[in-house]
Amino acid sequence: MKKEQFLEAMNFRHACKIFDETKKIPKEDLEFILETARLSPSSFGMEHWKFLVVQNQELKEKIRPFCWNQPQITTCSDLVIVLAKIEDVKPTNDYVKNMFNRRNLSQENLEKYLELYKNHLSETMSSDEKILEWSARQCYIALGNMMTGAASIGIDSCPIEGFERENIENLLNLDTKEYRLCVIVPFGYRVNPQSEKLRLSICDVVQYL
Ligand SMILES: Cc1cc2nc3c(=O)[nH]c(=O)nc-3n(C[C@H](O)[C@H](O)[C@H](O)COP(=O)(O)O)c2cc1C
């Protein structure tokens, strides 16, 4: 891919406020978007995420009031709810061991990794809220990749943090010891032209040392 094409996708992406309800994302395009999430990097390679895809209109209608009644929720083609892992990523959990074991480590190296993980993350692991913060940071990388990936094939999105976390978790019957709601991202096709891109200049945000 050329630099210009990538920047074109970055400029095409905007926080789309309303989607065309008559247009559905083809299955293979949705799968492409989800694949960009799956391939995203994560701290220690723990893949701290799960992606719920809501296509059912009734469920979208139930979610919308808990998302500040934002029209993106019900007008989109597919609503992706990003969950952050809590229980799995705790050092004592087999999940962590299995994720390291995928690398075919020797017993000695596996133990070293587990020790490093436990020590480095001791503060993070001190509460589920802190684990949520850590897992959420990884989920946002997947979020960014999905939105840019979608834009590269002409699909619009809008990151949504304007929601009532507990109400949505209850609605989805989430076991919040396992997963917490992290962020929501609807995908679809714009109805209105995108607004002007407002950004600080490069010299405002970059400093060479
Ligand atoms: C983590 C995050 C949460 C956001 N939550 C909302 C939201 O709930 N509703 C909304 O309309 N826009 C939301 N936005 C969109 C931002 O307002 C928008 O990205 C920003 O104003 C820049 O505009 P642009 O994305 O169109 O370039 C969110 C953006 C991010 C990154």
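Q: In this predicted model, how does helix 2 pass helix 7: is the crossing left-handed or right-handed?
A: Helix 2 passes helix 7 in a right-handed crossing. Their axes come within 8 Å and cross at roughly 145°.

Q: Which residues make that contact between helix 2 and helix 7?
A: From helix 2 (residues 27-38) come Phe32, Ile33, Leu34, Thr36 and Ala37, while helix 7 supplies Ala142, Asn145, Met146, Gly149, Ala150 and Ser152. Sorted by class, they are 7 nonpolar and 4 polar residues, with no charged ones.

Q: What makes helix 1 roughly perpendicular to helix 7?
A: It comes down to the angle. The axes of helix 1 (residues 3-12) and helix 7 (residues 128-152) cross at roughly 110° and come within 8 Å. Angles of 65 to 115 degrees count as roughly perpendicular, so helix 1 earns that description against helix 7. Phe6, Ala9, Met10 and Phe12 of helix 1 meet Thr148, Ala151 and Ser152 of helix 7. That contact has 5 nonpolar, 2 polar and no charged residues.

Q: Why is Gln72 called buried?
A: Its relative accessibility is 2%, and buried means under 20%, so Gln72 counts as buried. Gln72 is found in helix 4 (residues 72-75). Leaving aside residues up to four places away in sequence, Gln72 touches Cys16, Lys17, Ile18, Phe19, Cys158, Ile160 and Pro186.

Q: How do you know that Glu47 and Arg102 form a salt bridge?
A: Look at the spacing: their closest N and O atoms are 2.9 Å apart, and the cut-off is within 4 Å. Glu47 sits in the loop between helix 2 and strand 1, and Arg102 in the loop between helix 5 and helix 6, so the pair ties together parts that are 55 residues apart in sequence.

Q: Why is Glu47 called partly exposed?
A: Glu47 has a relative accessible area of 24%. Buried means under 20% and exposed over 50%, so Glu47 falls in between and is partly exposed.

Q: What makes Lys177 exposed?
A: Lys177 has a relative accessible area of 54%, and the cut-off for exposed is over 50%, so Lys177 is exposed.

Q: Which residues are joined into one network by salt bridges that share partners?
A: They are Glu87, Lys90, Asp128 and Lys177. Asp128 pairs with Lys90, the closest N and O atoms being 3.0 Å apart. Asp128 also meets Lys177 in a salt bridge, at 4.0 Å from N to O. Lys177 lies in the loop between helix 8 and strand 4, and Asp128 in helix 7, so this pair ties together parts 49 residues apart in sequence.

Methods. Residues are numbered from 1 along each chain as its sequence is written. This is a predicted model: local features need pLDDT of at least 70, side-chain atom pairs count only at pLDDT 80 or more; totals for chains, interfaces and linings use all residues. Side-chain values use heavy atoms; hydrogens and water are left out. Axes are lines fitted to C-alpha atoms, for helices over the stretch in contact, and angles run from 0 to 180 degrees between N-to-C directions. Helices (H or I, at least four residues) and strands (E, at least two) are DSSP runs, numbered from the N terminus. Angles under 35 degrees count as roughly parallel, over 145 as roughly antiparallel, 65 to 115 as roughly perpendicular and the rest as oblique. Contact means heavy atoms within 4.5 Å. Ala, Val, Leu, Ile, Met, Phe, Trp, Tyr, Cys and Pro count as nonpolar, Asp, Glu, Lys and Arg as charged, and the others, Gly among them, as polar. Buried means under 20% relative accessible area, exposed over 50%, partly exposed in between (1.4 Å probe, protein chains only). A crossing is left-handed if the near helix is turned anticlockwise from the far one by less than a right angle, and right-handed if clockwise. A salt bridge is a side-chain nitrogen of Lys or Arg within 4 Å of a carboxyl oxygen of Asp or Glu.
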